[in-house]
Structures are given as C-alpha cells and as structure tokens.
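Q: I would like to learn how to read pockets, cavities and helix packing in a model. Please take one feature at a time.

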Amino acid sequence: MEGVSVRKIKKICVFCGANSGKDVAFVNAAFHLGEVLGKRKIDLVYGGGKLGLMGCVSTAVAQHERQVLGIIPSAFTINNLVGETCGKEIKVATMQERLVMMMELSDAFIALPGGFGTLEELFQIISWAQLNIHNKPIGVLNINGFFNGLLSFVDHAVKQEFITPRARKILISATTADELVDKLQAFRFESDPALSKLKWSPSSSQKEKLDLTLRL
C-alpha cells in the first residue's frame, strides 16, 4: 500500500449469519477474520451471542485479547436464545436501535455470509453512506464466491441506472480478510454532490423522527 494514505480503523462491525452455513470454509473464514482483526489490534462490534459465524468471529477476536462488543435486542436474550456474548454486551430495544449504535461505534463494516438479517444490515448501512449519514468503508468477504450473485445484481442495477457508478464504489469486496481490511483502510469516500447537501443533525440519528429505513 505504498503511496496510499491509510484510514485509521480501530473498530470494525461485522455482519454475519447466526448459522454456520453448509460450507466449512465459512466457519474457517470467520475464525480467520477474527484472527486478522486481533493481530491488527482492531476491536470488534457485532450483533451479540455465540451462534454460527457470529460466535466464530467474536471468539477469535477475544482470543487475541481485543475488545468485543455485542449489541443485542433484549428480545434475543430471553431464554438465552442466542447464547452468551463473548465480551461486553449492550442491550437495546429494537433492531433499528442496534444498527444505529453499530454505525456510531464502528469505523468500518464487513459482511460475512449470512441470511436476510445480514443482507438487511449490509444494504441499510450502504444506503446510509449513500445518503451521507456516514462516510465509513463497507466491504463483503466473498468466501468461495458466496457474494458473486449479489455483486452481479448490484452491477446489473448500475447498468439499469438505478445505482450510480459513484454509489457502486461504496461497496468493497475481497476474497481474503487481509485484502479486505487493506481495502477498507485505503477507502476514500466520494459523496454524491446532490446528496452531500443533506444535513443530518448530530443527535437526529438517535430520534424516531429520522427515517433511517429509507431505501434508494
């Protein structure tokens, strides 16, 4: 990365499945991502609990003596539904409150394989970047081509002029954890001139009057 200015990343939020998936490569990659974050002295923010890939990445980060913060809706803690969080835990009332807190406390975002919840978090955090609510880098770890179809769909939406080429740059992808973290550190946010005029008050992200469910 010689000659490229590097963004300082201290905390990365990881979105991923509460299941382990069919391919053992997903589990191995989640553990390896945690190891990479630990070795690079990067702390983890995630959705809490110890199930599936969420448990894998959080365990690996904790084993490397980095801080782990799980942000979890209180409903998930009833009857120990998702297991014990590996590290500090913050309970919130809603899924929306969880994602807002994740955004505020993290310097970057990584998505591992997962289901609807993972995809919802990924695309919402992308749309917030497009709206200039934040300018933090976002990437997917494309293990064994898991995200190939999604990336192809996004490129198709660009060709059909529903996503601008500028907005397409918001979503980074890589096939290894080290490469992805390097790309996140090198990312430079390019705001849409029209959307950059939007003004979000510092406290509005914590108020119901801000409609963060907007999809573009």
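Q: How many residues of each class, nonpolar, polar and charged, does the lining of the largest pocket have?
A: This is a predicted model. The lining of the largest pocket has 16 nonpolar, 11 polar and four charged residues. In total, 31 residues line this pocket, and Cys16, Gly17, Ala18, Met54 and Thr118 lie nearest its centre. Its volume is about 430 Å³.

Q: Which helices and strands each supply at least two residues of that lining?
A: They are β1 (11–15), α2 (52–63), α4 (95–105) and α5 (116–130). Of the elements, α5 gives the most, with five residues.

Q: Where is empty space left in a protein, and how many cavities of 30 Å³ or more are there?
A: Rolling a probe the size of a water molecule over the atoms shows where empty space remains. Here the count is one cavity of 30 Å³ or more. The largest cavity holds about 70 Å³ of space.

Q: Which residues line the largest cavity?
A: The lining consists of Ala129, Gln130, Thr164, Arg166, Ala167, Ile170, Phe189, Glu190, Ser191 and Asp192. At least two of the lining residues come from α5, and at least two from α7 (165–168). By class, four are nonpolar, three polar and three charged.

Q: Turning to helix packing, at what angle do α4 and α5 pack, and how far apart are their axes?
A: The angle between α4 and α5 is about 55°, and the axes lie 11 Å apart. Angles from 65 to 115 degrees would count as roughly perpendicular and those under 35 as roughly parallel, so α4 is oblique to α5. The crossing of the two helices is right-handed.

Q: Which residues make the contact of α4 with α5?
A: From α4 come Gln96, Arg98, Leu99, Val100, Met102 and Met103, and from α5 come Glu121, Gln124, Ile125 and Trp128. This contact has six nonpolar, two polar and two charged residues.

Q: What are the angle and the axis distance for α1 and α2?
A: Helix α1 (residues 24–39) packs against α2 at about 30°, with the axes 7 Å apart. An angle under 35 degrees counts as roughly parallel, and α1 and α2 are therefore roughly parallel to each other. Their crossing is right-handed.

Q: Which residues of α1 and α2 meet?
A: On the α1 side they are Phe26, Val27, Ala30, Phe31, Leu33, Gly34, Glu35 and Leu37, and on the α2 side Leu53, Cys56, Val57, Thr59, Ala60 and Val61. By class, the contact of α1 with α2 has 11 nonpolar, two polar and one charged residues.

Technical notes
Residues numbered from 1 in each chain as written. Predicted model: local features only at pLDDT ≥ 70, side-chain atom pairs only at ≥ 80, totals over all residues. Heavy atoms only, no water. 1 Å grid on protein atoms, 1.4 Å probe; cavity = no way out; pocket = protein on both sides within 12 Å on 5 of 7 lines; lining within 4 Å. Points joined across faces, edges and corners; volume = space filled by probe spheres on them. Helix = DSSP H or I, 4+ residues; strand = E, 2+ residues; numbered from the N terminus. Nonpolar A, V, L, I, M, F, W, Y, C, P; charged D, E, K, R; others polar. Axes fitted to C-alpha atoms, helices over the stretch in contact; angles between N-to-C directions. Parallel < 35°, antiparallel > 145°, perpendicular 65-115°, else oblique. Left-handed = near helix turned anticlockwise from the far one by under 90°. Contact = heavy atoms within 4.5 Å.
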